[in-house]
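I opened a notebook for a structure I had not looked at before. These are the entries, in the order I made them.

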Amino acid sequence: MSCELSEAARPAAGAPIRAVVFDAYNTLFRFSETEHRLFLASILAEQGLEADLDGFAESVRKSYLRVGPWAEHVRGDGSVDREQMVGGPPPPWISLSEIWRRQFEHAFREHELAGDAPAAADRLRLHLAAADPHDDAHDTVEAIAARGLLVGLLSNADDDFVHSAIARARLRFSAIASSESLGAYKPHRVVFDAICQRLRCDPAEVLYVGDSPQADVHGAKHAGLRAAWIRRTDVGDYPEGIPRADHVVGSLAELVTLPGIG
């Protein structure tokens, strides 16, 4: 099935949905903030380290922007220029495994812990490679495909662990794109453009589904896709200054009832 159209025939915003593209972690696969916190607790335990878990988790979380690809756009107060993240020049490529190593190194140093950052990053890679899908993931993907729509996956992930998770879950997609394969990260528009090109769809024909308002909804909307925000139970309120999603769902199963899909 092809959605390729000429420039003269590009559809309006109300065009039919031809493809649904999913984020991976905390969307299709289980890895919520709560599960991430439990994983960090296991890292501390395995390495025989004692630290305030909440403080350590916060150090890991906050360090992402400072040690990752968006570091040059981080302001003094720790915030980041969101417009640069979605549409500025793509930053130099850094693998997620390397970003994690830097995050753990930062958190260990901040909490004066003699931790092994490379070992912690490798454990996270193995953990995500074996992440379980949500209970409704397989049936939802299959149901959408059965309606004649293309189904894709676009994830900020290294190829090795995300492809392992996909294979374990026996999920089937028309196209798969990772940040590693594209050399760029969500929410930048180049990654959303790339998955649309692989599906041979105009962005207006694609619904992107994800749990992150910034990486998923903002990125997709900026690139001209429609967006569905899946609101997991442990997330907070929708942040200010982020475009609103076209749909808000509490589970993957709800997607099959949305207009244009159900």
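The entries below go through helices, single residues, strands and aromatic rings.

**Entry 1, the model.** I noted at the start that this is a predicted model.

**Entry 2, helix H1.** I checked the length of H1 and found 14 residues reaching 20 Å from first C-alpha to last, close to the 20 Å expected at 1.5 Å a residue. I then listed its buried residues, which are His36, Phe39, Leu40, Ile43 and Leu44. They cover an arc of only 140° around the axis, so they sit on the same side of H1. Leu38 and Ala45, on the other side of H1, are exposed. I looked up what covers the buried residues of H1, and the cover includes H2, H4 and H5. Just after H1, I found Gly48 with a positive phi of about 65°.

**Entry 3, Ile43.** I picked Ile43 as a residue of helix H1. Is Ile43 buried or exposed? Its relative accessible area is 1%, so I entered Ile43 as buried, the cut-off being under 20%. Leaving aside neighbours within four places in sequence, I found Ile43 in contact with Phe108, Ala120 and Arg123. I also took one long distance: Ile43 and Gly148 are 105 residues apart in sequence, and their C-alpha atoms are 44 Å apart in space.

**Entry 4, helix H2.** H2 has 15 residues, which should span 21 Å at 1.5 Å a residue; I found its end C-alpha atoms 21 Å apart, in agreement. The buried residues I listed in H2 are Leu53, Phe56, Ala57, Ser59, Val60, Ser63, Leu65 and Val67. They pack against H1, helix H3 (82-87) and H4.

**Entry 5, helix H4.** I applied the same check to H4, residues 96-110: its 15 residues should span 21 Å at 1.5 Å a residue, and the end C-alpha atoms are 21 Å apart, which agrees. Which residues of H4 are buried? I listed Leu96, Ile99, Trp100, Gln103, Phe104, Ala107 and Phe108. Seen down the axis of H4, these buried residues fall within an arc of 165°, so they line one face of the helix. Their cover includes helix H1 (33-46), helix H2 (53-67), helix H5 (117-129) and helix H7 (159-169). Just after H4, I noted that Glu112 takes a positive phi of about 55°.

**Entry 6, Gln103.** I went back to Gln103, which has its place in helix H4. With a relative accessible area of 7%, Gln103 falls under the 20% cut-off and is therefore buried. I asked what Gln103 is in contact with, leaving aside its neighbours within four places in sequence. The residues are Val60, Arg61, Ser63, Tyr64 and Val67. Among them, Val60, Ser63 and Val67 are also in my list of buried residues of H2.

**Entry 7, the strands.** I looked at strand S2 (residues 150-155) and strand S3 (residues 175-178), which run parallel and are joined by four bridges. Leu154 stands opposite Ala177 in S3. I recorded S2, H7 and S3 as a right-handed β-α-β unit.

**Entry 8, aromatic rings.** How many aromatic pairs are there? With ring centres within 6.5 Å as the rule, I entered a count of eight aromatic pairs. I also noted one aromatic cluster, formed by Tyr25, Phe29, Trp100 and Phe161. Trp100 had already come up among the buried residues of H4.

Key:
Residues numbered from 1 in each chain as written. Predicted model: local features only at pLDDT ≥ 70, side-chain atom pairs only at ≥ 80, totals over all residues. Heavy atoms only, no water. Expected span 1.5 Å × (residues − 1). Buried < 20%, exposed > 50% of the residue type's maximum accessible area, 1.4 Å probe, protein only. Arc of directions from axis to C-beta. Contact = heavy atoms within 4.5 Å. Pairing = 2+ DSSP bridges. Right-handed = clockwise from strand over helix to strand, strands pointing away. Phe/Tyr/Trp six-rings, centres within 6.5 Å; stacked < 30°, edge-to-face > 60°.
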